[in-house]
Amino acid sequence: MILNNKFRSLDRRTFFQSAGISALASLAVGPSSVQAEDASKPAHSLQYRTGNGEWTYEVIPQWGSLPGGTQFGGTHGAITSDRAGNLYVSTQSHTGVLVYDANGKLLRTIATEYPEVHSFHHAEESGTEYLYATVQKGTPEENWLFVKMKTDGTVVQKIKAPAEAGFHTPNEWRITAAVPGPDGSIFIANGYGDSRIFRFDKAGNYKSTFSGKGSEDGKCDCSHGLAVDTRYDQPLLLVCDRENMRLSHYDFDGKFVRHITQHLRRPCQVSFHGEHAIVSELQGRVTILDKDNVPVAFLGDNPDRKQWANYTLTPGEIAPAYFSAAHGCYIDSSANIYVSDWNQSGRVTKLARITT
């Protein structure tokens, strides 16, 4: 395919110059990522701020709290919203998928038979809302499967490991993400397996596979997250190539296009807001990229490397304006950002965009 897109990948020098600026800014204000914009403001309010410029955010304490005695059980998952603006947060426990309003009030739980949903994608098809999800742990008979469900949790489609793709044992199929393509095809990433990406037709019939384990162009080392990138003239499949520390574009025939951003900190998932991409990184940060895929802001940039991707932490050990292992991310229509941290008891953070 011929591309007419106008974008540039981020070279190593440019990225580290940007990262260095962020790190210096953090050091200048001490142990918090807060920017001291107004010394007259109470110290506690500054401790709950992160970001810079138009991408400055305030942490909303206790957003999404559960009833007393209940824990998330780990938030190794994702966040999305429906047409009404309700938020869907997946957990690693009997709580299944939690549904909140924008203020963090728990409305209901769905899909409790699937206690470990790893990824979400919201889609509207013929006026009906659906969630495309990958499941790590489900019923004793059904683990590691793709599930398409309505927003009330009603399952309408399942896809398991396709025999035509050469799988021999159940442990080879360990999927991490799924999205629908422009023509209704379903793309599923085997990120925790062999890093191949699979294409199925709308009915769930296996069609083809591409990519696979490696570091060269067109390969991935943990194809962890998938998204449909519509920021350019031609929609493209965006892949979070986590252990190669990069984001890559493919066309919907599976042809590698290019790496658009490199030297990230283990990117997990991507959410879009206009021409900007919000990237959750397992090594303690969320990065916002512009249309040229150059970072314009770092959120929750944790200076303590011992906390990066550290599952043993509890939320109380992590400063409110920092992330330890940003896994799921979602940006809403008002540019508020929701992030789930990967740790043993779970943590969900709402960042409210500060407008002037």
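Which residue stands opposite Cys 240 in strand 17? It is Leu 247 that takes this place across from Cys 240, and the legends below return to this pair after a look at the whole chain. Please keep in mind throughout that this is a predicted model.

**Figure 1. Overview of the protein chain, built from two helices and 25 strands.** The chain holds 356 residues, and buried residues make up 58% of them. Among the contacts with a separation of 6 or more, 48% are between residues 24 or more positions apart. The close-ups that follow visit two sheets, two pockets and two single residues.

**Figure 2. An open sheet of four strands in the order 15-16-17-18, paired in the antiparallel sense.** Strand 15 and strand 18 are the edge strands; each has a single partner strand, so one side of each lacks a neighbour in the sheet. From one strand to the next, the twist averages 25 degrees. Further in, strand 16 (residues 236-241) pairs with strand 17 over five bridges, again in the antiparallel sense. This is where you will find our opening pair, with Cys 240 opposite Leu 247 of strand 17.

**Figure 3. The hairpin of strand 17 and strand 18, with five residues between the strands.** Strand 17 (residues 246-250) and strand 18 (residues 256-261) run antiparallel and are joined by four bridges. To find your bearings, start at His 249, whose bridge partner in strand 18 is Arg 258. Then look for Gly 254 in this hairpin, where the residue takes a positive phi near 90 degrees.

**Figure 4. A second open sheet of four strands, with the order 3-4-5-6 and antiparallel pairing.** Here the edges are taken by strand 3 (79-81) and strand 6 (106-110), and because each has a single partner strand, one side of each is left without a neighbour in the sheet. Neighbouring strands of this sheet are turned against each other by 25 degrees on average, direction ignored. Strand 4 (residues 87-90) and strand 5 (residues 97-100) are linked by four bridges in the antiparallel sense. A handy landmark is Val 89, which has Leu 98 of strand 5 as its bridge partner.

**Figure 5. The largest pocket, with a volume of about 680 Å³.** Its lining counts 36 residues, and those closest to the centre are Thr 80, His 121, Ser 271, Phe 272 and Tyr 330. Which strands each supply at least two residues of this lining? They are strand 3, strand 7 (116-125), strand 11 (177-180), strand 15 (223-229), strand 19 (267-273) and strand 23 (326-331). Strand 15 gives the largest share, five residues, and also stands at an edge of the sheet in Figure 2. Strand 3, likewise a contributor to the lining, is an edge strand of the sheet in Figure 4. By residue class, the lining divides into 17 nonpolar, 16 polar and three charged residues.

**Figure 6. The second largest pocket, with a volume of about 450 Å³.** Gln 62, Trp 63, Pro 315, Arg 347 and Val 348 are the closest to its centre among the 20 lining residues. Two elements give two or more residues to this lining, namely strand 2 (55-60) and strand 25 (347-353). Strand 25 gives the most, with four residues. The lining is made up of 10 nonpolar, eight polar and two charged residues.

**Figure 7. Close-up of Gln 283, in the loop between strand 20 (276-281) and strand 21 (285-289).** Is Gln 283 buried or exposed? Its relative accessibility is 18%, so Gln 283 counts as buried, the cut-off being under 20%. Leaving aside neighbours within four places in sequence, Gln 283 is in contact with Met 245, Arg 265, Arg 266, Trp 308, Ala 309 and Ser 324.

**Figure 8. Close-up of His 276 in strand 20.** Not counting residues up to four places away in sequence, His 276 touches Trp 55, Arg 231, Ser 271, Ile 288, Leu 289, Asp 290 and Val 296. One of these, Ser 271, will be familiar from the residues closest to the centre of the largest pocket. Also in view is Asp 292, 16 residues from His 276 along the chain, with 9.0 Å between the C-alpha atoms of the two.

Definitions and conventions: Residues are numbered from 1 along each chain as its sequence is written. This is a predicted model: local features need pLDDT of at least 70, side-chain atom pairs count only at pLDDT 80 or more; totals for chains, interfaces and linings use all residues. Side-chain values use heavy atoms; hydrogens and water are left out. Two strands pair if DSSP finds at least two bridges between them. Axes are lines fitted to C-alpha atoms, for helices over the stretch in contact, and angles run from 0 to 180 degrees between N-to-C directions. On a 1 Å grid over the protein atoms alone, a cavity is a set of points where a 1.4 Å probe fits but cannot get out, and a pocket is an open set with protein on both sides within 12 Å along at least five of seven lines; lining residues have an atom within 4 Å of a point. Grid points are joined across faces, edges and corners, and a volume is the space filled by probe spheres set on the points. Ala, Val, Leu, Ile, Met, Phe, Trp, Tyr, Cys and Pro count as nonpolar, Asp, Glu, Lys and Arg as charged, and the others, Gly among them, as polar. Buried means under 20% relative accessible area, exposed over 50%, partly exposed in between (1.4 Å probe, protein chains only). Contact means heavy atoms within 4.5 Å.
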